[in-house]
Amino acid sequence: MNTTRTTTVTCPNCGRGNRIPVAAEGRPRCGHCKKPLPWVVDAGDADFAEVADNATVPVVVDLWATWCGPCRMVSPALEQVARDLAGQIKLVKVDVDQNPRLSRRFEVQAVPTLLVLDRGETVARQAGAAPAHVLRSWVEQAMAGRPTTAGG
């Protein structure tokens, strides 16, 4: 497990680059303007538990493949959803061809397969691509059914 792996995110509010950990508690904020940042990371068989299962925010998982045309179409839409819901979700991308254990765990039959996880448990699942507004509604509906915790 590599707890120090980071990714760089440009703040949609002020344009500053921010280095954020791929696995951490809480919600990333811009170091300059303090606005919530979209949290988009890659994960695989070796670090998925740390990056996604242990996340303290709902996780949208994009199970995709490099050869998949619809996967390439849905990726920008998911990134838009991550920007729209910055501070509320974490988007984790998993290449199914490189991560067979996760493909088996989530019983991936087609790509893209999209999941919403709450503390490692699947609360919503969808196969296939969709536009950003449809995906956002799907994520918000999945989040609406999730139990809330005090202070969170």
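Let's start at Arg-119, which is partly exposed, with a relative accessible area of 42%. This residue lies in the loop between β6 and β7, and its phi is positive, about 55°, although Arg-119 is not a glycine. Keep in mind that what you're looking at is a predicted model.

Arg-119 has company. Glu-107 also shows a positive phi, near 50°, and is likewise a residue other than glycine. Glu-107 is found in the loop between α3 and β6, and with a relative accessible area of 56% it is exposed. For context, most residues other than glycine have a negative phi, and most peptide bonds are trans.

That brings us to the peptide bonds. Going from Val-111 to Pro-112, the bond is cis, with omega near 0°. Pro-112 has its place in the loop between α3 and β6, the latter being residues 113-118.

**The overall layout**

Stepping back, the protein chain has 4 helices and 7 strands. Read from the N terminus, the order is β-β-β-α-β-α-β-α-β-β-α. The C-alpha atoms fill a box of roughly 40 × 35 × 35 Å along the principal axes. How does the radius of gyration fit with a compact globule of 152 residues? The chain has 15 Å, and a compact globule of that length would come out near 15 Å, so the two agree.

Buried residues make up 47% of the 152 residues. As for contacts between residues at least 6 apart in sequence, 60% of them join residues at least 24 apart. The accessible surface comes to about 7900 Å², and carbon and sulfur atoms account for 49% of that. On the charge side, there are 18 positive and 15 negative charges, and their mean positions are 8 Å apart.

**The cysteines**

Which cysteines form a disulfide here? Cys-68 and Cys-71 do, with their sulfur atoms 2.5 Å apart. The total for the model is 1 disulfide. The torsion about the S-S bond of Cys-68 and Cys-71 is about 80°, so this disulfide is right-handed. Both partners are tucked away: Cys-68 is buried, and so is Cys-71.

Cys-11, on the other hand, is in no disulfide, and the nearest cysteine sulfur, that of Cys-33, is 3.6 Å away. Why doesn't that pair count as a disulfide? The sulfur atoms have to be within 2.5 Å, and those of Cys-11 and Cys-33 are 3.6 Å apart. Seen from the other end, Cys-33 is in no disulfide either, with the sulfur of Cys-11 as its nearest. Their surroundings can be told apart by accessibility: Cys-11 is buried at 3%, whereas Cys-33 is partly exposed at 23%.

**Around β5, α3 and β7**

Now for a few individual spots further along the chain. Val-96 lies in the loop between β5 (90-95) and α3. At 10% relative accessibility it counts as buried, the cut-off being under 20%. Not counting residues up to four places away in sequence, Val-96 touches Leu-63, Trp-64, Ala-65, Ser-103, Val-108 and Val-111. Val-111 turns up here again, having already appeared as the residue before the cis bond to Pro-112.

A little further on, Pro-100 is found in helix α3, residues 100-105. Pro-100 is partly exposed, at 39% relative accessibility.

Both Val-96 and Pro-100 can be paired with a residue well back in the sequence, as the table shows.

| Pair | Separation in sequence | C-alpha to C-alpha distance |
|---|---|---|
| Val-96 and Asp-62 | 34 residues | 9.5 Å |
| Pro-100 and Gly-44 | 56 residues | 9.0 Å |

Finally, there's Gln-126, whose place is in strand β7 (residues 121-127). Is Gln-126 buried or exposed? It is buried, with a relative accessible area of 18%. What does Gln-126 contact, leaving aside its neighbours within four places in sequence? The partners are Pro-112, Thr-113, Leu-114, Leu-135 and Trp-138. Pro-112 links this back to the cis peptide bond from Val-111, and that proline's place is in the loop between α3 and β6.

Definitions and conventions: Residues are numbered from 1 along each chain as its sequence is written. This is a predicted model: local features need pLDDT of at least 70, side-chain atom pairs count only at pLDDT 80 or more; totals for chains, interfaces and linings use all residues. Side-chain values use heavy atoms; hydrogens and water are left out. Buried means under 20% relative accessible area, exposed over 50%, partly exposed in between (1.4 Å probe, protein chains only). Helices (H or I, at least four residues) and strands (E, at least two) are DSSP runs, numbered from the N terminus. The radius of gyration is taken over C-alpha atoms; the globule rule is 2.2 Å times the number of residues to the power 0.38. Contact means heavy atoms within 4.5 Å. Accessible areas come from the Shrake-Rupley method with a 1.4 Å probe; for residues, only the protein chains shown count as cover. Lys and Arg count as positive and Asp and Glu as negative; His and the chain ends are not counted. The place of a charge is taken as NZ of Lys, CZ of Arg, CG of Asp or CD of Glu.
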